[in-house]
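Please walk me through this fold, one short question at a time.

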Amino acid sequence: MSALDELYREVILEHYKNPRNHGRLAEPDVATRGHNPLCGDDIEVSLNLEDDVIRDIRFQGKGCSISQASASMLTEAVKGKTTDEARRIVDTFKGMMHGDAISTEGLGDLEALQGVRKYPVRIKCALLAWTTLQEGLDLHAKAAQA
Ligand code: ZN
């Protein structure tokens, strides 16, 4: 294993063992749940939004270290951001995981998940929380229009 792989592994394990923003909000404005049948990962993301800003976010679920660590990193990345900013971060992250040549600048710990690209079946694990958040933002946008 290269030194970089080892560093990535450490960051992922650290988030897995000490997940940030773990649990469920008492009164979420939106809550969505995602499931990855390939691996058995299950994640629920709940959000509190105020004037289009993600004031608070929590996740809970079960599954492999990559799915849970990725969810933990996601909550850190989008908390306090506007929904537009959050969507941009989701797009950047998805692009990185799919190997598109876009900058990973500003992704912080999320860069550690690049290492997962070498294991194509695990990419779905890493993306689960992100697609779940995206669904939540879509639901919220629709509700705001209604
Ligand atoms: Zn998984």
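The questions below cover the sheet, the helices and the cysteines of a predicted model.

Q: In what order do the 3 strands form the open sheet?
A: Strands of a sheet pair through backbone hydrogen bonds, either parallel or antiparallel. Here the pairing is antiparallel. The twist averages 20° from one strand to the next. The strand order is 1-2-3.

Q: Which are the edge strands?
A: An edge strand here pairs on one side only. That applies to residues 30-36 and to residues 53-62. The edge strands are strand 1 and strand 3.

Q: Which residue in strand 2 is the bridge partner of G34?
A: Strand 2 spans residues 41-50. Strand 1 pairs with strand 2 in the antiparallel sense, over 7 bridges. In strand 2, the partner of G34 is I43.

Q: At about what angle does helix 4 run to strand 1?
A: Helix 4 covers residues 120-145. This helix lies across strand 1, strand 2 and strand 3. Its angle to strand 1 is about 150°.

Q: Which strands does helix 2 lie across?
A: Helix 2 is made of residues 65-78. Helix 2 runs at about 170° to strand 3. The strands it lies across are strand 2 and strand 3.

Q: Is C125 buried or exposed?
A: Buried means under 20% relative accessible area. C125 has a relative accessible area of 0%. So C125 is buried.

Q: How does C39 count, at 36% relative accessibility?
A: Buried stops under 20%, and exposed starts over 50%. C39 has 36%, so it falls in between. C39 counts as partly exposed.

Q: How many disulfides does the structure hold?
A: A disulfide is a covalent bond between the sulfur atoms of two cysteines. The number of disulfides in this structure is 0.

Notes:
Residues are numbered from 1 along each chain as its sequence is written. This is a predicted model: local features need pLDDT of at least 70, side-chain atom pairs count only at pLDDT 80 or more; totals for chains, interfaces and linings use all residues. Side-chain values use heavy atoms; hydrogens and water are left out. Two strands pair if DSSP finds at least two bridges between them. Helices (H or I, at least four residues) and strands (E, at least two) are DSSP runs, numbered from the N terminus. Axes are lines fitted to C-alpha atoms, for helices over the stretch in contact, and angles run from 0 to 180 degrees between N-to-C directions. Contact means heavy atoms within 4.5 Å. A disulfide is a pair of cysteine sulfur atoms within 2.5 Å. Buried means under 20% relative accessible area, exposed over 50%, partly exposed in between (1.4 Å probe, protein chains only).
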